[in-house]
Amino acid sequence: MSIFKELKRRNVFRVAVAYLVVGWLLLQVIDTLGPLLDFPESFNKLLFYALIIGFLPTLLFSWAFELTPEGIKREKDIQRDTSITHITAKKLDYITLGGLVLVAGLIVWQQLTPNQDTLLDTETLSDTLQTETSTKVGSPVKSHNSDLALGVAVLPFDNLSANSDNKFFAGGVHEDVLTQLSKINDLRVISRTSMLKVAEKNMEVTEIGKHLGVSHVLEGSVRRAGDQVRVTVQLIDASNDNHIWAENFDRKLDDIFAIQSEIAISIAEQLKAKITPEQVASINQSLTSSTKAYDLYNQARSHTRSWRGADGFEAMQPLLEKAIELDPNFVQAEVMLVEVYGRLLWTGSDQTGEAGTKAKAVLERIKSMHPDTADYYHAKGNYHYTVERDYSQALVELQKALINKPNDIELLNQMAAAYKRLNRFDEGIRILEKAASLDPDNPLIASELVGQLARNNQLNEALIRAEKNLDRFPNDTVVVVNVAAFNIAKNGNKAKAIEVLETLSLKDRFQFFSNYFALKLTPQNAESLIRDVESLREEDPWQSIGIDIQVTFLRRLLGQTDLAKQRANKVLTFVEEWTASGKPLIGNNHKPLYAFLSYLSCLADDHQLHEKYVELMEKETAAEYGSMINAKFNYGLALAECGDASAGWSLIEEVVNDRTSTLSDWDLVVYPVYAHYFSQIPEYLERVKALTQAP
């Protein structure tokens with residue numbers, strides 16, 4: 001018998017075909033389900049190698065052995081007339097046919113299903129958002145030529161134009177190139193804030209690569225003259241400082257968006273990054289047809305590069321409104337304007353009450369012209385967050401926007417803020433970890449991350465990271481404040497907290513850590529400390545009232561009841577006159593304010609006013625964790641000041657026991673206000689004793 005016929009009789013060919021079909025099917029299934037099951041990226045490769053290695057032994061086994069009703073036997077021990085290879089052949093045919101049917105079904109399913117690398121689960125967004133998936137989108141992979149992660153750090157573009165006013169234009173081009181690159185899931189693109197800080201350090205390219213952990217650095221310049229623009233870029237390998245691609249783009253000014261798109265796509269090609277047709281289409285979209293509108297938009301964006309509160313949003317408003325007037329289809333300007341209106345309402349600077357209505361009108365216009373787009377969902381998320389204060393719905397909309405903008409740092413930060421408002425710190429931390437990987441030199445993200453860690457009962461980790469942040473951002477106020485707060489919360493290290501806080505200016509201590517003055521207070525330094533507080537008084541009436549509140553509090557802790565009462569009356573008179581004139585109170589949640597005004601009313605012996613503010617506090621709706629906790633804390637002090645220390649302590653104890661609160665057991669020890677009001681409460685004394693007495 002020929003070898004071919006014998007191979008066929010022993011089913012070697014059938015085994016080979018079945019092995020290949022089932023092996024291929026197994027690889028496809030693992031490739032699809034692996035990310036959902038958190039398999040490591042190396043698992044597919046190991047499985048592939050195992051299948052290759054196992055192919056030849058499988059064929060040799062099918063040649064040398066046969067499966068019989070009595071079990072596996074060697075081929076040479078079986079009589080030809082008792083062999084059941086013809087039955088086994090049919091079973092192998094069925095296995096192969098079934099495998100082919102599954103393969104065909106899998107191919108059809110893959111064609112009909114959106115790309116799983118970019119699509120996030122949106123079916124259950126209203127309840128539980130799939131942040132694990134969103135944080136993995138665009139996760140760094142290793143570059144082919146170094147240990148650095150495949151990604152790009154885009155340095156700010158130099159403005160080579162004769163007119164210095166064009167710095168807004170150069171900054172806008174830089175920011176839009178970053179935006180276009182961030183649409184490519186396969187690339188890790190460092191955010192603008194970090195790149196501006198890196199540029200200030202004047203680092204070498206190889207240093208930038210190591211500092212940010214990216215494989216490539218892009219340098220560029222912009223020269224604008226009349227209706228002509230030249231953009232020059234060069235892509236550099238961060239591992240060895242080799243220039244691997246450079247290009248000059250000389251175009252008409254209205255072709256600036258085509259230049260930005262070409263740069264992004266060219267970089268993807270140079271780095272062999274995967275880019276889908278949908279991403280190409282998104283990258284090729286122009287922002288606006290009006291160069292004047294684009295200039296105004298860039299001027300508005302420049303105000304976002306440092307937080308100025310209401311002043312910054314007030315400056316942005318007319319610029320964006322004019323840009324949209326010039327180009328009513330300028331959707332990115334409309335998205336930003338929705339947030340500006342919402343933030344004016346949020347910061348309490350909208351005296352007319354029209355900001356919310358204006359935001360709604362712009363949102364409806366975006367919906368009519370750009371429905372079911374990332375821009376619409378982004379604007380809608382902003383609206384629900386800032387105007388409606390509906391953080392759950394804001395998350396739903398922002399998550400939808402993130403599907404097509406997975407590396408958008410603004411979206412990630414907004415989502416993290418919404419998670420915090422909803423006490424969903426685990427999810428907020430995961431989002432912030434991703435944001436920090438894209439914007440590692442941004443102290444605001446670093447501080448927000450440690451804050452959410454602390455609120456999530458991860459105080460040790462929060463303190464470790466806070467101290468690392470202090471090494472990295474020694475001049476950032478919030479970073480300093482975090483280190484002080486967590487040193488107190490973890491072990492009551494009052495001396496360390498004061499030492500760290502005193503690296504800040506007196507004004508920053510008052511603004512960002514007003515408890516510093518109570519922390520530092522002693523009978524010996526009291527008058528000096530109060531003079532320091534008084535020296536900070538400004539023309540702003542509410543800032544001045546803040547000074548009076550701080551002095552009132554310090555006088556009360558010193559036992560100077562009459563002086564404290566005088567200041568309390570001054571504050572209450574101001575607030576009553578302010579509200580009587582029809583002016584709105586500052587801030588966006590008044591529940592904690594009413595609770596504190598009830599405290600001042602007790603201090604001023606005005607129990608009728610105390611009852612008024614308690615009633616207002618109870619009517620005020622404030623669903624946010626901070627508002628509820630702060631109101632409960634302030635009202636606890638009010639009850640104690642009014643003579644019911646036991647009821648007051650019950651509320652304070654609730655705040656201490658609340659895992660989302662920043663108030664810790666050690667605060668009860670180091671701050672004098674608790675001993676002042678609750679030194680006769682046994683439960684308070686027991687908590688203090690448990691911390692201060694050695695076991």
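## Talking through a predicted chain

The accessible surface of this predicted model comes to about 33600 Å², and carbon and sulfur atoms hold 53% of that surface.

Student: Happy to start with the overall build. How many helices and strands does the secondary structure of the chain come to?

Tutor: Good place to begin! Counting the secondary structure elements along the chain gives eight strands. The helices in that same tally number 34.

Student: And what share of the 695 residues is buried?

Tutor: Buried here means under 20% relative accessible area. Applied to the 695 residues of the chain, that cut-off gives a buried share of 49%.

Student: Which helix gives the largest share of the largest nonpolar core?

Tutor: That core has 167 residues, and those touching the most other members are L187, L218, V231, I267, I652 and Y674. Its largest share is 10 residues, and they come from helix α13 (residues 331-346).

Student: Let me zoom in on I652. Which residues is I652 in contact with, leaving aside neighbours within four places in sequence?

Tutor: I652 is one of the core residues that touch the most other members. With neighbours within four places set aside, its contacts include G636 and Y674. The full set is F633, G636, L637, L663, L668, Y674 and F678.

Student: Now for charges. Why does E175 count as buried or exposed?

Tutor: E175 lies in helix α6 (residues 167-182). The cut-off for buried is under 20% relative accessible area. E175 falls under it, so the residue counts as buried, with a relative accessibility of 13%.

Student: With which residue does E175 form a salt bridge?

Tutor: Side chains of opposite charge can pair when their charged atoms come close. Beyond its sequence neighbours within four places, E175 is in contact with R192, R301 and R305. The salt bridge has its closest N and O atoms 3.0 Å apart, and the partner is R192.

Student: How many residues apart are E175 and R192?

Tutor: R192 is buried too, with a relative accessible area of 13%. E175 sits in helix α6 and R192 in helix α7 (residues 192-201), so the pair links distant parts of the chain. Their separation is 17 residues.

Student: Which helices hold E654 and K632?

Tutor: These two side chains meet in a salt bridge, at 3.0 Å from N to O. E654 is partly exposed at 43% relative accessible area, and K632 is partly exposed at 31%. The pair ties together parts that are 22 residues apart in sequence, because E654 lies in helix α31 (residues 645-657) and K632 in helix α30 (residues 625-641).

Student: In the salt bridge of R687 and D665, what is the N to O distance?

Tutor: R687 belongs to helix α34 (residues 682-692) and D665 to helix α32 (residues 665-670). R687 counts as buried at 19% relative accessibility, whereas D665 counts as partly exposed at 29%. Their side chains meet at 2.8 Å.

Student: Which residues are linked in a network of salt bridges?

Tutor: The count for salt bridges comes to 37. A network of them includes the acidic residues E534 and D548. Its complete membership is E534, R537, D548, R567 and K570.

Student: Last one, on the surface. What accessible area do F48, Y49, I52 and I53 have together?

Tutor: I53 is in helix α3 (residues 42-64) and counts as exposed at 64% relative accessibility. Along with F48, Y49 and I52, I53 forms a nonpolar patch on the surface. Together the four have about 440 Å².

Notes
Residues numbered from 1 in each chain as written. Predicted model: local features only at pLDDT ≥ 70, side-chain atom pairs only at ≥ 80, totals over all residues. Heavy atoms only, no water. Patch = residues over 30% accessible without salt bridge, like charges linked within 9 Å, V, L, I, M, F, W, Y side chains within 5 Å. Areas by Shrake-Rupley, 256 points an atom, 1.4 Å probe, with all protein chains shown as cover. Helix = DSSP H or I, 4+ residues; strand = E, 2+ residues; numbered from the N terminus. Buried < 20%, exposed > 50% of the residue type's maximum accessible area, 1.4 Å probe, protein only. Core = buried A, V, L, I, M, F, W, Y, C linked by side-chain atoms within 4.5 Å. Contact = heavy atoms within 4.5 Å.
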